[in-house]
Each structure stands twice: as C-alpha cells, then as structure tokens.
Amino acid sequence: MGGTCLNVGCIPSKMLIYPADRIVEVQEADKLGFKARISDVDFKSIMARMRKFRRENRSHVREGIKKSKKLNFYEGEGYFTADYTLEVNGEEIRGEKIFIASGSRPFIPPIKGVDSVDYLTNETLLELKARPDSLIIIGGGYIAVEYGHFFAAMGTRVTVLEMADRLVLPEEPEISEILRRALSRRMAVHTGAQAAEVKRKGNGVTVLVKDKKTGREKGFSGQSVLVAVGRRSNADTLRVENTGVETDERGFIKVNRRLETTKKNIFTVGDANGQQMFTHVANREAVIAASNAFYDTKLEIDYSAVPHAIYSHPQIASVGLTEDNAKKEHKILVGRASYNDVAKGEVMMETEGLAKAIVEKETGKILGFHIIGPYAPVLIQEVVNAMTSGGHAGEIDQSLHIHPALTELIPMVLNNLEEP
Ligand SMILES: Cc1cc2nc3c(=O)[nH]c(=O)nc-3n(C[C@H](O)[C@H](O)[C@H](O)COP(=O)(O)OP(=O)(O)OC[C@H]3O[C@@H](n4cnc5c(N)ncnc54)[C@H](O)[C@@H]3O)c2cc1C
C-alpha cells in the first residue's frame, strides 16, 4: 500500500538523502574556516530507519482503507478482461466509472548480459543491509544522481555512466554542467557513455561502455550495478486494451486534459498517463478526474506551472519551460544570477549555485525558472505561486524580500533580464 512514492520513490530516497546532505556539508566545512571529520557512517541504521518509517506508514494506509466502510480492498494484481470488467484473485469486478492509477515501474533496457547479474533498481537497493564498496550507476537522470549522491556520501566509490552528453537531460544545459562539475568531485561521471554489455566479474560486475565519439569500448568494474534509466508503464500488466483504453507509443495510457481516456467513464491519473510523473501532479490529477467523473465539471489540468526538484547535491528545482523550449513559441528574455550575487549566498560561500529565468518579452510573463544550489526546491515556490496566478516578473519585484536571505535571488534574476 502507498505505491511508488511511499515504498520505493520519494519518501525512502529523501530519508536516505537527508543524512547524505549533512555528511557532505561537514565534508565541505573547510571552506567556512573549520575542519570536521566524520568518524563513522552507520549505513545499516540509516537504511533501517528508512525501512521502519516505510513499514509504519504503509500500515497506516492499510488501516485507513480497512476502516473505510464503502471500500472493497482486493489484494492482488488485477487486469481487464472485457469492457469495464476486471479480474483479480479469480474474482470478476465491474465498475461504471473507473480510475486507473497503476503507476510505473523501472525500465530495464535490453543491454547484453544485464539479466545475468543481480542488478539493483530503485526498489531493490532499499533492501541493502551493507554498503557496497563500489557502485556503477547506469543512467544519469534524477534517480541516478540522487542515489549517486547518497552512496558517495556513505563512502561507496560511485561511477555514473550516462549515454547522453549531459546529466539530467530535461534540465537547462548550464544546470547539467554545474551538477556534473560538483558531482565529479565526489564520484566518476562519464557522459556520452552507453552501456553496451554487463558481465559478472568475480563477486562483482563489469559494465562495458561504448564511447559515443570514438566508438571505443571501455570496461568499468564495481561491486554492484544500479540500473536507473527511466520508468515504464504498468498498463501492460493491467491489459487496458481489453476495455478499449488506448496507450501511446511508449505504452502510457492516452488521456486528454480532463484526464479522460479513449473509453468513456474511464479516467487515468498519475504516472500511468506518463505526463508529468511526480506525486504532487498525481494528487492534483486525482482531484480533477474525480470532479469530472462525478460532477461533470469538465475541469482541465494545466501543466504550465508544474515544479519538480532533484535532491542531488547541489539541489535542483525547476518549473515551466527551458530556454530552448520557450524559444520555439515565444520571443523571450533570459535572466541569470549566481547565489553569491545576493548577500546570503556570499555569506554561505556559495560560488557555484545559479538561478535562471525565462520571461516572455512582450508581456513579462514568467515562462520558466530553474535553480541549482542550496534550498532550490524551497526557493522556487515563490515563482510557482506567481506563475499559477498568471504572474509577471514585475509582481515578484514589488514584494519585499527579507535581507539578507536567499529569497533575494528570485527578484535579482528577474532584474537581470536580457535578450538571449
Ligand atoms: C526513486 C524515485 C524517487 C522519486 N522521487 C520523487 C520525488 O521526490 N517527488 C515526486 O513528486 N515524485 C517522485 N517520484 C515519482 C513518484 O513516486 C510518482 O510520480 C508517484 O508515485 C506516482 O503515483 P501513482 O499513484 O501514479 O503511481 P504509483 O505510486 O506507482 O502507484 C501505482 C500502484 O498501482 C499498483 N499496480 C500497478 N498495476 C497494478 C495491477 N495490475 N493491479 C493492482 N495494482 C497494480 C502498483 O503496485 C502501485 O502500488 C520518484 C520516483 C522514484 C522511482
């Protein structure tokens, strides 16, 4: 109970990353004029705390479901057998209105030999009782960089192998570059490195990588390998085609802005529709779909101000369009400021952090905002609020911002707008 977020996603990952952040802060304390040493990292108890929290919350959800009088709970994998009809545990169930919230699971790419090794995923790594001495991560997206940060802080020797030319591909290229530089101080980061084969080597694994430019093969060996190259839909196991629900070319369920599928009275929310795969989006979509299903409200989901965060070190937060995407449809202005352009950033000796705004030239409407640095997920909320109410760059500037505080970064960026 509780799905990906509680069991194998947001919550356990952030429970692990919080101590990792504190460890890196201590390791970097030198720059503030004091030396500190971490004498011991208790990997076992950090993992055990996460599992305990997860177990307790899972049982809270289960208790809540049990207490709900008008709810039948079937514990088993269900699948459609006919229109509006499912089978679960040998029993047939039907619904006049159906909400599909079947989520997603790790995508395992067809790399030669991958099934011959005990690879880790975001699910199985949470069961680890002992810290791996070395870990190769295939992938350089948000799951890869978050867990790369975690394991490096625990003392694991981490190697990240990303096929694309940069990490966290959906982010601004300059943010990817700052992240690469920062992570490279703590782990080996290889971009343009496509994993071609995975082999067992003694008690560990070797990943053979093809260099994108030279075509040459190189081997990377480690105790374990984590496959983190993306997510795939669960619509296949649910056999949605049996009820006339169509999927897109990636296997995710097709929906319109009202979250209606191609079949009347069947709605799909969350990762299952493959739109914006975050918990806060799934929650909002559920409210909209329920309203449309029962009150015929015809509400539409608006994805233009959906924020997301990456809890790597440094942290990343982003909302709206990137510069490249915005340029396709708008005349834009771009603003940038570094953390150390504001007093608090200077105080914190934050020399790398950056914030960037993309604004529509004629109207001043904020189209996108991207931050890398401490507290990025907290700082971005002001921009999200402004964007949600149709916000313009000037409105943020009119509010007073506490001095000195990192929030001064937001108006600073918007005061630096120029032609790209
Ligand atoms: C490592 C990781 C970290 C993440 N971190 C964040 C984060 O920090 N912030 C954030 O917003 N998002 C994060 N996400 C994404 C977030 O977890 C998902 O967007 C969210 O869980 C989607 O919710 P959902 O209800 O759509 O699907 P899910 O949570 O995946 O739930 C779907 C449920 O349906 C069940 N199911 C599937 N098929 C069937 C079937 N045929 N019969 C019965 N049951 C079935 C599944 O077992 C599952 O329990 C993270 C994801 C991962 C993997």
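Biologist: Why is cysteine 10 called partly exposed?

Modeller: First, a heads-up: this is a predicted model, so every value here is calculated from it. Cysteine 10 has a relative accessible area of 27%. Partly exposed covers the stretch between 20% and 50%, so cysteine 10 gets that label.

Biologist: And what makes cysteine 5 buried?

Modeller: Buried means under 20%. Cysteine 5 has a relative accessible area of 18%, so buried is the word for cysteine 5.

Biologist: How do you know that cysteine 5 and cysteine 10 are joined by a disulfide?

Modeller: Look at the sulfurs: S to S is 2.4 Å for this pair. The cut-off is within 2.5 Å, so cysteine 5 and cysteine 10 make the grade. By this rule the structure has 1 disulfide.

Biologist: Is that disulfide left-handed or right-handed, and what tells you?

Modeller: The torsion about the S-S bond is about -135 degrees, so the disulfide between cysteine 5 and cysteine 10 is left-handed.

Biologist: On to the ligand. What makes the contact with threonine 4 a polar one?

Modeller: A polar contact needs N or O atoms within 3.5 Å. An oxygen atom of the ligand sits 2.5 Å from an N or O atom in the side chain of threonine 4, so the pair passes. Histidine 280 also offers a side-chain N or O atom, 3.3 Å from a ligand oxygen. With glycine 78, a polar backbone atom is 2.8 Å from a nitrogen atom of the ligand. The protein buries 78% of the 1,000 Å² that the ligand exposes when taken alone.

Biologist: How many residues surround the ligand, and which are the closest?

Modeller: There are 28 around the ligand, and the closest are Thr4, Lys14, Gly78, Asp271 and Thr279. The shell splits into 9 nonpolar, 15 polar and 4 charged residues. Helices that each give at least two residues to the shell include α2 (10-27) and α7 (279-295).

Biologist: How do you know that β15 and β16 pair up?

Modeller: Pairing takes at least two bridges. Strands β15 (residues 307-310) and β16 (residues 316-320) have 4 bridges between them, so they count as paired, and they run antiparallel. For instance, alanine 309 has alanine 317 in β16 as its bridge partner. A hairpin of 5 residues links the two strands.

Biologist: What is unusual about the bond between histidine 313 and proline 314?

Modeller: Most peptide bonds are trans. The one joining histidine 313 and proline 314 is cis, with omega of about 10 degrees. Proline 314 sits in the loop between β15 and β16. Another cis bond joins histidine 403 and proline 404, where omega is about -10 degrees.

Biologist: What makes the phi of arginine 239 worth pointing out?

Modeller: Most residues other than glycine have a negative phi. For arginine 239, phi is near 50 degrees, a positive value. Asparagine 265 has a positive phi too, near 65 degrees. Arginine 239 lies in the loop between α6 and β14, and asparagine 265 is in the loop between α6 and β14 as well.

Biologist: Why does arginine 239 count as partly exposed?

Modeller: Its relative accessibility is 38%, and that falls between 20% and 50%, so arginine 239 is partly exposed. Asparagine 265, at 27%, gets the label partly exposed too.

Definitions and conventions: Residues are numbered from 1 along each chain as its sequence is written. This is a predicted model: local features need pLDDT of at least 70, side-chain atom pairs count only at pLDDT 80 or more; totals for chains, interfaces and linings use all residues. Side-chain values use heavy atoms; hydrogens and water are left out. Buried means under 20% relative accessible area, exposed over 50%, partly exposed in between (1.4 Å probe, protein chains only). A residue is near a molecule or strand if one of its heavy atoms lies within 4 Å of it. A polar contact is a pair of N or O atoms within 3.5 Å; within protein, one must be able to donate a hydrogen and the other to accept it, and residues adjacent in sequence count only if both atoms are side-chain atoms. Accessible areas come from the Shrake-Rupley method with a 1.4 Å probe; for residues, only the protein chains shown count as cover. Ala, Val, Leu, Ile, Met, Phe, Trp, Tyr, Cys and Pro count as nonpolar, Asp, Glu, Lys and Arg as charged, and the others, Gly among them, as polar.
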